[in-house]
Amino acid sequence: MKTLLLAMTFFSNFVFANPVNPQGEFLRSCYEDDTDFLASVLNIKNSDWTFTHTGYEDESCSKPYIIYEEKFAATIDGVNLDLQATQASYTTLTDTVTEALNMIAYCGFHDWKTGEKKIVTDLICDDYAPPRTGETRFTLLQISEEGAQLSLGKESHGHNGTSVDRRHTELDPNYYIKN
């Protein structure tokens, strides 16, 4: 009996101390986020997490106009996920958007080119501040048993993910599906 108890304790400590880390590509198809229509891809390779959000002009997500990408170094501890920012970028996909961003000097740039990635880490872009290098988001992670669905935390009152004490406490009901 004592051996069984020790084995069970070892097994439960091992499972919770060494959670299965997701790997591969996860998709979130066409959805509305505030007033934007987006499709998102989360690519996970070891601790490198890349979120690629494509903005669309229409609700059917058929006319892409911009790509916003964020790269992080991820640390997983049970259900806690810490994402340390390494890079953020925009890529314009139409000449109209390129011209508009140049006119307002978006992120301080006057030289946007269609199809060319601009690194915007540590910059201010109009009323949006992309993550700063090394800035950490403190969130949650839930993976379905079969590994086909991945859910992340979302902001709620008093829990915006800016510190360990303000770690997200609720999961976003909109999840990513393994590709």
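Is K117 buried, partly exposed or exposed? I looked up its relative accessibility, which is 39%, so K117 counts as partly exposed. I note at the outset that the model is predicted.

**Entry 1: overall layout**

I went through the secondary structure next. The chain has two helices and 10 strands. Written along the sequence, the order is α-β-β-β-β-β-α-β-β-β-β-β. I then took the totals. The chain has 179 residues, and 36% of them count as buried. Its accessible surface is about 11000 Å², and carbon and sulfur atoms contribute 53% of that area. For contacts with a separation of 6 or more, I find that 45% join residues 24 or more positions apart.

**Entry 2: salt bridges**

I searched the whole structure for salt bridges and found five. I wrote up three of the pairs.

I began with the partner of K117. The residue is E69, and the closest N and O atoms of this salt bridge are 3.0 Å apart. E69 sits in strand β4 and K117 in strand β6, so I checked the spacing; the pair links distant parts of the chain, 48 residues apart. The acidic partner, E69, is buried at a relative accessible area of 13%, whereas K117 is partly exposed.

I then moved to E70, which pairs with R137. Their closest N and O atoms are 2.9 Å apart. E70 belongs to strand β4 and R137 to strand β7, so this salt bridge ties together parts 67 residues apart in sequence. E70 has a relative accessibility of 4% and therefore counts as buried. R137 has 29% and counts as partly exposed.

The third pair I noted is K118 with D111, with the closest N and O atoms 2.7 Å apart. Here the basic residue is the buried one: K118 has a relative accessible area of 9%, while D111, at 40%, counts as partly exposed.

**Entry 3: negative patch and two loops**

Which residues gather in the patch of negative charge on the surface? I list E32, D33, D34, D36 and E59. I looked at two of these residues more closely.

D34 lies in the loop between β1, residues 24-33, and β2, residues 36-45. Its relative accessibility is 69%, so D34 counts as exposed. I also checked its backbone: D34 is not a glycine, yet its phi is positive, at about 60 degrees.

E59 comes from another part of the sequence, the loop between β3 (48-56) and β4 (64-77). E59 is exposed as well, with a relative accessible area of 64%.

C61 is in the loop between β3 and β4 too. I find a positive phi of about 55 degrees for C61, although it is not a glycine. At 15% relative accessibility, C61 counts as buried, whereas E59 is exposed.

**Entry 4: P130**

Where is P130 found? I place it in the loop between β6 (117-119) and β7 (136-143). Is P130 buried or exposed? Its relative accessible area is 2%, so P130 is buried.

I looked up what surrounds P130. Leaving out residues up to four places away in sequence, P130 touches Y68, A88, V120, L123 and C125. For one of these, V120, I took the C-alpha distance to P130: the two are 6.8 Å apart in space and 10 residues apart in sequence.

**Entry 5: S29**

I closed with S29, in strand β1. At 59% relative accessibility, S29 counts as exposed, since the cut-off for exposed is over 50%. Which residues does S29 touch, not counting residues up to four places away in sequence? I find L38 and A39. I also looked up the spacing between S29 and I177. They are 148 residues apart in sequence, and their C-alpha atoms are 8.8 Å apart in space.

Note on methods: Residues numbered from 1 in each chain as written. Predicted model: local features only at pLDDT ≥ 70, side-chain atom pairs only at ≥ 80, totals over all residues. Heavy atoms only, no water. Patch = residues over 30% accessible without salt bridge, like charges linked within 9 Å, V, L, I, M, F, W, Y side chains within 5 Å. Areas by Shrake-Rupley, 256 points an atom, 1.4 Å probe, with all protein chains shown as cover. Salt bridge = Lys/Arg side-chain N within 4 Å of Asp/Glu carboxyl O. Lys, Arg positive; Asp, Glu negative; His and termini not counted. Charge placed at Lys NZ, Arg CZ, Asp CG, Glu CD. Helix = DSSP H or I, 4+ residues; strand = E, 2+ residues; numbered from the N terminus. Buried < 20%, exposed > 50% of the residue type's maximum accessible area, 1.4 Å probe, protein only. Contact = heavy atoms within 4.5 Å.
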